[in-house]
Amino acid sequence: MFGGRGQLVGAARDTFLPGPDVKSGPPFSGPLRRLPPARAKAPNRSCSLGSNDFALRRAGSTAVMRRLRRLAGALGRRRPDASRRERPADGAPESTGYKSLWNDAARADAREAILTGATEETFERTGQEDALRIRGLLADPASARVLNIGCGIGRVERHLAPLVGELFAVDVSGEMIRRARERLASFGNVVLREVASDEYLAFFPDGFFDLVFSLLVLQHVEKEDAFRYLEDARRVLRPGGILFVQFPNLLSPEYSHAFRSAIASRPRNPARVRPYVEAEVRHLVALAGFDPRELTVSGGSRGDAEIYVVAVRRE
Ligand SMILES: C[S@@+](CC[C@H](N)C(=O)[O-])C[C@H]1O[C@@H](n2cnc3c(N)ncnc32)[C@H](O)[C@@H]1O
């Protein structure tokens, strides 16, 4: 229900949000803050959705694997340009800075960059809680085709893959994708793809997914980029498909503090958190072509740090 407070998902939080156990510690204390200014670093060129992009190490050639191979081939043929987009050469500047920052963060400590202070147990538990929440949004999970925008190392994927039919995930960081591929190697129904900063979901056909979700990601990009992702999520969802996204709440003590802290920093970190307010989230989701069904606020010291939205793709 709109404006309600609840515990939609687990205690998912990242570098910029002190969680309940961290209380209101200083934001920007995670690895991203220590990163040097955005600098191009050779990204991995691994986006062809060829066999390397799959977790195909499961023994034998299962029907799912054959299907995914065919699907990858078809997708590759359908959008040949997408896989060649924006691959800055070694040392070349990258327009947004997202890629080099997140690649560096992943190399330094991927888990810490994703959930500051998380132990292995917390990391897995929150991934499982989020996966269960997502399964609960699907009418027929076993046959559902699901996409995650900004998967990191597959915190949620490890727990969601056994619950759904096909699981696709993209991330701007080739390093995150590389680690996710290792972590998810045993699953035959997972497709991972590194995307260019300005690629969004261009690789995927219209109406392809039953559910698109994104946690702890849209807050780290320019609001215009977050909106582009929402618009593209609508395009790749089938009519009636489900969107499940999270935004940080500016009105919470944690994100008010994070916002103020970021003001003075120069140059501004391209991956800094951009907080939102509920009305803004509701408006943007509707503007992108969704009917918001549920908006809940939870997490943080006052229980209002994160805004979660479940919305349905309008016809
Ligand atoms: C805080 S982590 C969250 C990872 C994952 N969603 C989770 O909840 O475990 C943010 C992730 O978003 C990715 N990311 C940042 N900007 C992105 C963009 N423009 N497109 C796709 N992924 C992006 C980062 O590389 C990183 O893996």
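How many bridges join strand E3 (residues 166–171) to E4, and do the strands run parallel or antiparallel? In this predicted model, five bridges link E3 to E4, and the two strands run parallel. One bridge pairs Ala 169 with Leu 192 in E4.

**Overall make-up**

The protein chain contains nine helices and eight strands. Of its 315 residues, 50% are buried. Among contacts between residues at least 6 apart in sequence, 74% join residues at least 24 apart.

**Strand E4**

Strand E4 covers residues 190–194, and five of its five residues are buried, so the strand is largely enclosed by the rest of the structure. In a regular strand, side chains alternate between the two faces of the sheet. Both faces of E4 are covered: Val 190, Leu 192 and Glu 194 are buried on one side, and Val 191 and Arg 193 are buried on the other. Leu 192, the bridge partner of Ala 169, thus belongs to the side that also holds Val 190 and Glu 194.

**Helix H7**

Helix H7 (residues 223–236) has 14 residues, which at 1.5 Å a residue should span 20 Å; the C-alpha atoms at its ends are 20 Å apart, in agreement with that expectation. Its buried residues are Ala 226, Tyr 229, Leu 230, Ala 233, Arg 234 and Val 236. The elements covering these buried residues include those in the table below.

| Element | Residues |
|---|---|
| Strand E2 | 145–149 |
| Strand E5 | 209–214 |
| Strand E6 | 237–248 |
| Helix H9 | 278–287 |
| Strand E7 | 290–298 |
| Strand E8 | 306–313 |

**Helices H3 and H6**

The axes of helix H3 (residues 98–114) and helix H6 (residues 174–183) come within 7 Å and cross at roughly 40 degrees. That angle makes H3 oblique to H6. On the H3 side, the contact involves Trp 102, Asn 103, Ala 106, Arg 107 and Ala 110; these meet Gly 174, Glu 175, Met 176 and Arg 179 in H6. By residue class, the contact of H3 with H6 divides into four nonpolar, two polar and three charged residues.

**His 159**

His 159 lies in helix H5 (residues 157–160). Is His 159 buried or exposed? The residue has 20 other C-beta atoms within 10 Å, and a residue counts as buried at 20 or more, so His 159 is buried. Leaving aside residues up to four places away in sequence, His 159 touches Gly 127, Gln 128 and Ala 131. Gly 127 is 32 residues from His 159 along the chain, while their C-alpha atoms are separated by 6.5 Å.

Notes. Residues numbered from 1 in each chain as written. Predicted model: local features only at pLDDT ≥ 70, side-chain atom pairs only at ≥ 80, totals over all residues. Helix = DSSP H or I, 4+ residues; strand = E, 2+ residues; numbered from the N terminus. Expected span 1.5 Å × (residues − 1). Buried ≥ 20, exposed ≤ 12 C-beta atoms within 10 Å, placed from the backbone. Contact = placed C-beta atoms within 7 Å. Axes fitted to C-alpha atoms, helices over the stretch in contact; angles between N-to-C directions. Parallel < 35°, antiparallel > 145°, perpendicular 65-115°, else oblique. Nonpolar A, V, L, I, M, F, W, Y, C, P; charged D, E, K, R; others polar. Pairing = 2+ DSSP bridges.
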